[in-house]
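These notebook entries record what I looked up in one protein model. I took the sheets, the helix contacts and the enclosed spaces in turn.

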Amino acid sequence: MRLIHTADWHLGRRFRGIDRTPEIASALDQLLKQATILEVDAVLIAGDIFDVPNPPAYAERIAYKFFCGLQEAGIPAIAIAGNHDSASRTDSIAQLLAHVGVRALGKPRRAADGGTIILNTNSGKLCVGAMPFASEQRLLDADAFWHKDDVDRRSSYRELVADLLEDLTSNFRDNTVNILMGHLSIDGARLAKSEAPYYTRDKYLLSPQTLPPEAQYIALGHIHIHQRIAKNSPAYYSGSLIQLDFGEAEQEKGFVLIELEPGSAAKVEFKPLICQKPLKVLKCNSENLDKTLEANQYHPGFLKVIVQMQSPELGLADRVRQICSQALLVEPRYPELQPENLAEATNIDPNKFDPLVEFCNYYQNKLGTTPKPVVLEEFEKLYNQVLTVNC
């Protein structure tokens, strides 16, 4: 049996004012083409189809176009909701999606209530234990949520997730291909930093031992870097379809192709897709800035430009964008304040505090120069405005 594992499409994503949906649509077109060429038996989508719970209509249209393309190719799919998706919205359209061969699951449920999905594919029977993203509030009852302390709630949440995952394997059989799919944060996974931070730590961070050993392959979504959880683990993140933020700059994006048969270990291969607008981070200083920009003037994607500087330069961003209009972020960096100077700068007698003097001291320590009169004048205006407001 041959399967595709994908996740974290984030249709509707906006980044620094740029709509990334056309790039994601291009990646989905490539994915559909590959699914057809490779003659896969099913596609597994491990959550975060959309970037927001109430996505724009054009983002929905692209997702549904992809699903209809799979149906035309005779390829079924199973999709679960991620933390960015609306679980209730996913469940409400599940019956409609079933008409185009997509089995969708919004809220976590036990195997007997539909949490385990069985497909009869061209290559045999596929059994998928599907675990959508589960918020703490959704899993814990009201009494537990309001009357237990944070430590107890964290323990209870993890125990409930572990119990649900184990339950989802109850329909696994020796003559079926057995897959576990979940939108989860597993301890030890490398973060891209474009994930929602709250849902990747503390109570939502699960031990690898939480994952049941009965699964031949574990298809994970939520973390945006493609990776295997551990050397001998069958658990993989497919990663996001495109480079969503500069923390993923120059990373290869794609999908996971899985080949397996009942009772055997999965053969796993990462298949890259072409990034329409790749992200790149440039690091330079004020002396070689123009040369660095000129070398990347025709970069087809978006740029983040980090410039090491001794002092601020007015119009730096304009200077950068005159050469590289695709620079979304221009970040000046200055010499760090040394600890001994920091101690001097913060050792202030409140009875002898002079804001202009202290601002000059800070400016000198931070930037190694004296502020210009116009800067001092503006600082004094702002300081007096703050005093007026506070009074």
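The entries below follow the order in which I consulted the model, which is a predicted one.

**Entry 1. The mixed sheet**

I began with the sheet of 6 strands. I noted that this sheet is open, that its strand order is β6-β5-β4-β1-β15-β16, and that its pairing is mixed. I then asked which strands stand at the edges. They are β6 (102–105) and β16 (267–272), each of which pairs on one side only. From one strand to the next, I recorded an average twist of 20°.

I looked next at one pair within this sheet. Strand β15 (residues 254–259) and β16 run antiparallel and are joined by 6 bridges. To fix the register, I looked up Leu257 and found that its bridge partner in β16 is Glu269.

**Entry 2. The parallel sheet**

I turned to a sheet of 3 strands, also recorded as open, with the order β17-β18-β19 and parallel pairing. At its edges I found β17 (279–285) and β19 (327–333); each has a single partner strand, so one side of each is left without a neighbour in the sheet. The twist here averages 15° from one strand to the next.

For the pairing of β17 with strand β18 (residues 302–308), I counted on the computed bridges: there are 7, in the parallel sense. Within this pairing, Lys283 stands opposite Ile306 in β18.

I also asked which helix lies across β18 and β19. It is helix α9 (residues 316–323), and it runs at about 135° to β19.

**Entry 3. Two helices in contact**

Two packed helices are described by the angle between their axes and the distance between the axes. I therefore looked up both values for helix α1 (residues 21–37) and helix α2 (residues 57–72): the axes come within 10 Å and cross at roughly 5°. Because angles under 35 degrees count as roughly parallel, α1 is roughly parallel to α2.

I listed the residues that meet. From α1 they are Thr21, Ala25, Leu28, Asp29, Leu31, Leu32 and Ala35; from α2 they are Tyr58, Ile62, Lys65, Phe66, Gly69 and Leu70. By class, I entered 9 nonpolar, 2 polar and 2 charged residues for this contact.

**Entry 4. Cavities**

Rolling a probe the size of a water molecule over the atoms shows where empty space is left. I asked how many cavities of 30 Å³ or more the structure holds. There are 3.

The largest cavity has a volume of about 170 Å³. I noted 18 lining residues, with Ile49, Phe50, Asp85, Thr90 and Ile93 lying nearest its centre. The elements that give two or more residues to this lining are α2, β5 (77–80) and α3 (87–92). Of these, α2 gives the most, with 3 residues. Thus α2, which I had met in the contact with α1, appears again here. I recorded the class make-up of the lining as 14 nonpolar, 2 polar and 2 charged residues.

The second largest cavity holds about 60 Å³ of space. Its lining consists of Met131, Phe133, Ala134, Tyr157, Val161, His183, Leu184, Ser185, Tyr199, Tyr204, Leu206 and His222. I found that these residues divide into 9 nonpolar, 3 polar and no charged.

**Entry 5. The largest pocket**

I closed with the largest pocket, in which about 220 Å³ of space lies. Which residues are the closest to its centre? Of the 10 that line the pocket, they are Pro312, Leu314, Tyr363, Lys372 and Val375. For the lining by class, I entered 5 nonpolar, 3 polar and 2 charged residues.

Conventions:
Residues numbered from 1 in each chain as written. Predicted model: local features only at pLDDT ≥ 70, side-chain atom pairs only at ≥ 80, totals over all residues. Heavy atoms only, no water. 1 Å grid on protein atoms, 1.4 Å probe; cavity = no way out; pocket = protein on both sides within 12 Å on 5 of 7 lines; lining within 4 Å. Points joined across faces, edges and corners; volume = space filled by probe spheres on them. Nonpolar A, V, L, I, M, F, W, Y, C, P; charged D, E, K, R; others polar. Axes fitted to C-alpha atoms, helices over the stretch in contact; angles between N-to-C directions. Helix = DSSP H or I, 4+ residues; strand = E, 2+ residues; numbered from the N terminus. Parallel < 35°, antiparallel > 145°, perpendicular 65-115°, else oblique. Contact = heavy atoms within 4.5 Å. Pairing = 2+ DSSP bridges.
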